[in-house]
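Here are my notes on the model you sent over. Have it open beside you while you read.

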Amino acid sequence: VTGDYDLIMAPVNKLISAMSLLLIIIIIASAVLFFILIRTMLSPLATITDIIVHTAHLDFRKTGNADALMKRKDEIGDVTRSVSLMRNSLRDMVVNITDTESRINDNVDGLTSTANNVNTMCYDNSATTQEIAASMEETSAATDEINQNVITIKDEAASIDSMAQYGANLSQDIMSRAQQLQ
């Protein structure tokens, strides 16, 4: 009876071995495919994170991958286009701040030069000196106001920098979560 049982069970055992081998191959192939899929999904997030970090450091140079990511029709493309729009706005704001600062400095220099010329020409006239003193106080107040506006603009730029850093941290968090899903 044992001989017949071994003979009957041989094909079953062979089938179990073949099924086990097939199952192991399927599991390995699935793991490799899942790894490639996750890697493909996370690669654009790493690129976007790099772009955001560069933006946080006010480095607005173009990156080669950004154009390809912006052409995508999925959420990655949406995020990349939004980051690009933010970078363009920040770039324009920095240029405007720099231009405004230059004009303000030129105006302050011009006002200072004019005040010095008026003061020199009217040194002996006390009435003129009093008028110049009043003008200089107004100039000083205007300069203080201009300086306060420049400080406000710089504070706003720092706030934007903080928001960009927050976006970079958020991207890092998303990447960490996605990697944990692996």
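The points below go from the whole chain down to single residues.

1. Ground rules first. This is a predicted model, where local features need a pLDDT of at least 70 and side-chain atom pairs count only at pLDDT 80 or more, while totals for chains, interfaces and linings use all residues. Residues are numbered from 1 along each chain as its sequence is written, and side-chain values use heavy atoms, with hydrogens and water left out.

2. Confidence. The mean pLDDT (the predictor's confidence in each residue, from 0 to 100) is 86 for the protein, and 94% of the residues score at least 70. Helix H1 (residues 2-56) has the highest confidence, at a mean of 89, and helix H2 (residues 64-70) the lowest, at 78.

3. Fold elements. There are four helices and zero strands, so reading from the N terminus you get α-α-α-α. Both kinds of element are DSSP runs numbered from the N terminus: helices are H or I with at least four residues, strands are E with at least two.

4. Overall shape. The C-alpha trace spans about 135 × 25 × 20 Å along its principal axes. The radius of gyration is 35 Å, against near 16 Å for a compact globule of 182 residues. That radius is taken over C-alpha atoms, and the globule rule is 2.2 Å times the number of residues to the power 0.38.

5. Surface and burial. About 13500 Å² is exposed, with 61% of it supplied by carbon and sulfur atoms; the areas come from the Shrake-Rupley method with a 1.4 Å probe, and for residues only the protein chains shown count as cover. Of the 182 residues, 18% are buried. Here buried means under 20% relative accessible area, exposed means over 50%, and partly exposed is in between (1.4 Å probe, protein chains only).

6. Contacts along the chain. Take contacts (heavy atoms within 4.5 Å) between residues at least 6 apart in sequence: 70% of them join residues at least 24 apart.

7. Charge. I see 13 positive and 23 negative side chains, with the centres of the two sets 17 Å apart. Lys and Arg count as positive, Asp and Glu as negative, and His and the chain ends are not counted. Each charge is placed at NZ of Lys, CZ of Arg, CG of Asp or CD of Glu.

8. Ser171. Which residues does Ser171 contact, leaving aside its neighbours within four places in sequence? They are Thr49 and Ile52. Ser171 belongs to helix H4 (residues 126-181) and counts as buried because its relative accessible area is 11%.

9. Thr47. This one sits in helix H1 and is buried, at 16% relative accessibility. Not counting residues up to four places away in sequence, Thr47 touches Asn65 and Leu69. Its C-alpha atom is 7.7 Å from that of Ala66, which is 19 residues away along the chain.

10. The loop between H1 and H2. Leu58 is found there, and so is Lys62. Leu58 has a positive phi of about 60° although it is not a glycine, and it counts as exposed because its relative accessibility is 53%. Is Lys62 buried or exposed? Lys62 is exposed, with a relative accessible area of 64%. Beyond its neighbours within four places in sequence, Lys62 is in contact with Asp67 and Arg87. From the C-alpha atom of Lys62 to that of Ser176, 114 residues apart along the chain, the separation is 26 Å.
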